[in-house]
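Student: I would like to learn how to read the empty spaces and the individual residues of a structure. Could you take me through it step by step?

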Amino acid sequence: MKRILLILSVASIALFTPSCKKNNTDDTINKVDPPVQQAKSFKNPLIDGADPFVAQKDGYYYFLSTRGGDIAIAKTRAMSQLATAANKVVWTPAQNTEYSADIWAPELHFLAGKWYIYFAASQSGVDNSNRMFVLENGNADPTQGTWTFKGKIFDATNDQWAVDGSILTIGDKNYLIWSGWESVSERFKQLIYIAPMSNPWTLSGPRVPISSPTNVWEKYEPSSMGIGVNEGPIALQRDANSPMFVIFSASRYTSDNYCLAQIQLKTGGNPLIAADWINKKQVFVRNDNAAVYGPGHNGFFTSSKTDDKGVIQTENWFIYHARSVPNQPNGARTSRMQKLTWNTDGSPNFGSAIGTNVDIPKPIGE
C-alpha cells in the first residue's frame, strides 16, 4: 500500500514463462532443444539498501527504498529478480527547501485513481526538522508521467518531528499512520500516530498515539537501553473478514535487537481510540544462528498464478532490511524477503529470519 489497505489475498501478478527453442534439421530428423530451465529459487539479499517498500498493480511490483537525496522506483514482474530491474529516479527535491535533505523511507500508494508517494525529509543543515511530505502522479504507470509536489502532511495543531508515513484503509476511510515525537522535550522517543484524512495529502483531525515504547524490546540502543522507538508502521490484513494489524519496527535501527512488532485493532474497534489497539507483541526478531541482525522496516506483497483449472493461487510475502554482521550499528543494511503465513486466528506468522545465501523457493507465479 486498489484499496490501499493491504488486503493481501486479492492482489495478482501475471505469469510469464519465457522459453528458448531452436530447430535443427539433419536430413530426416527435426531436433528441438528442451526448454531452458528457469531457476526455481533465489537467495537473500535481494538488493543493497534500507527501508524497502513494495506496491503492486496490474501485474507489476514497484520497489522503493531510502536513497537520501532523491526518490527512485524499480519496476519488475518478479520480485526474486529485483536486482536486475532498472531503478528510475522519479523525483529530486529543489535545494534550500524544508524537504531537500534526508529523504527517507518513501512509500507508494494508489488512492482515488492516482499514485501518491509519502516520504520523510528535512531542511538541509537544520537538525531534527524531519517532516512528512506527499507527491502525486496521475499516470497509470508510476515510473512515467509527472510527479507533483503536494506539500507537507501534518497535524496543524501539533506539528512535530515525523517520519515513516503510511496509509491504513478501513472501509472507505483512509488514515495516515506514522512515527513521531510527542514533543521536542521528549526528542528521540518515537511513537506510532494515526490521523484521519480528508484527501491523500491532508489530515482532517488531530493525531492520536496508538503505540508507545514501553517494553524492554522497544528500547534497545546499540550498546544500552534508551527511551524507546516505534517506527515504520504499515497496515496488514489477510482479507476483509480478518483482524486489522499495524506492523511496526521497535528499538533503535542501529541495534542488533531492532525487530518487527504488531498491534491489532480489536473487533469493531475505532482506529482513532488508542485503547482499541491491542495484542502488542514482537513478531520477527534477530536470528544469531543465521547471522541476521536488526531485521525491520518491512513491506508486503502477494504473488499469484492461475492453475490449469482457472483457480488463482496466491502466496503472501514480506520484505525487510537487516544486517549480516553483529555489533555494527552503522553497518550495511540489505533488503530481503520471506514468505508470510497466517495463524488460525487471522494473525500473521513471520517465522524465523533466514540467512543470506540460502536457497528459498521463488514466489508462486515467477
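Tutor: Let us begin with the second largest pocket of this predicted model, whose lining residues divide into nine nonpolar, five polar and five charged.

Student: How is such empty space found, and what is the volume of the second largest pocket?

Tutor: Rolling a probe the size of a water molecule over the atoms shows where empty space is left. Here the second largest pocket has a volume of about 380 Å³, and among its 19 lining residues Trp104, Trp161, Gln190, Glu231 and Tyr253 lie nearest the centre. Strands β9 (101-111) and β13 (162-170) each contribute at least two residues to that lining.

Student: Which residues lie nearest the centre of the largest cavity?

Tutor: Of the 15 residues that line the largest cavity, Ile153, Phe154, Gln160, Ala162 and Trp178 lie nearest its centre. The volume of this cavity is about 90 Å³, its lining comprises eight nonpolar, two polar and five charged residues, and β11 and β14 (173-180) each supply at least two of them.

Student: Turning to a single residue, is Asn137 buried or exposed?

Tutor: A residue counts as buried when its relative accessible area is under 20%; Asn137 is therefore buried, because its relative accessibility is 2%. Asn137 belongs to strand β11, which covers residues 131-137.

Student: What does the side chain of Asn137 reach at 2.9 Å?

Tutor: At that distance the side chain of Asn137 reaches the backbone nitrogen of Asn139, while a polar atom of the Asn137 side chain lies 2.7 Å from the backbone oxygen of Gln144. Leaving aside residues up to four places away in sequence, Asn137 touches several others, including Lys114, Trp115 and Trp147.

Definitions and conventions
Residues are numbered from 1 along each chain as its sequence is written. This is a predicted model: local features need pLDDT of at least 70, side-chain atom pairs count only at pLDDT 80 or more; totals for chains, interfaces and linings use all residues. Side-chain values use heavy atoms; hydrogens and water are left out. Helices (H or I, at least four residues) and strands (E, at least two) are DSSP runs, numbered from the N terminus. Buried means under 20% relative accessible area, exposed over 50%, partly exposed in between (1.4 Å probe, protein chains only). A polar contact is a pair of N or O atoms within 3.5 Å; within protein, one must be able to donate a hydrogen and the other to accept it, and residues adjacent in sequence count only if both atoms are side-chain atoms. Contact means heavy atoms within 4.5 Å. On a 1 Å grid over the protein atoms alone, a cavity is a set of points where a 1.4 Å probe fits but cannot get out, and a pocket is an open set with protein on both sides within 12 Å along at least five of seven lines; lining residues have an atom within 4 Å of a point. Grid points are joined across faces, edges and corners, and a volume is the space filled by probe spheres set on the points. Ala, Val, Leu, Ile, Met, Phe, Trp, Tyr, Cys and Pro count as nonpolar, Asp, Glu, Lys and Arg as charged, and the others, Gly among them, as polar.
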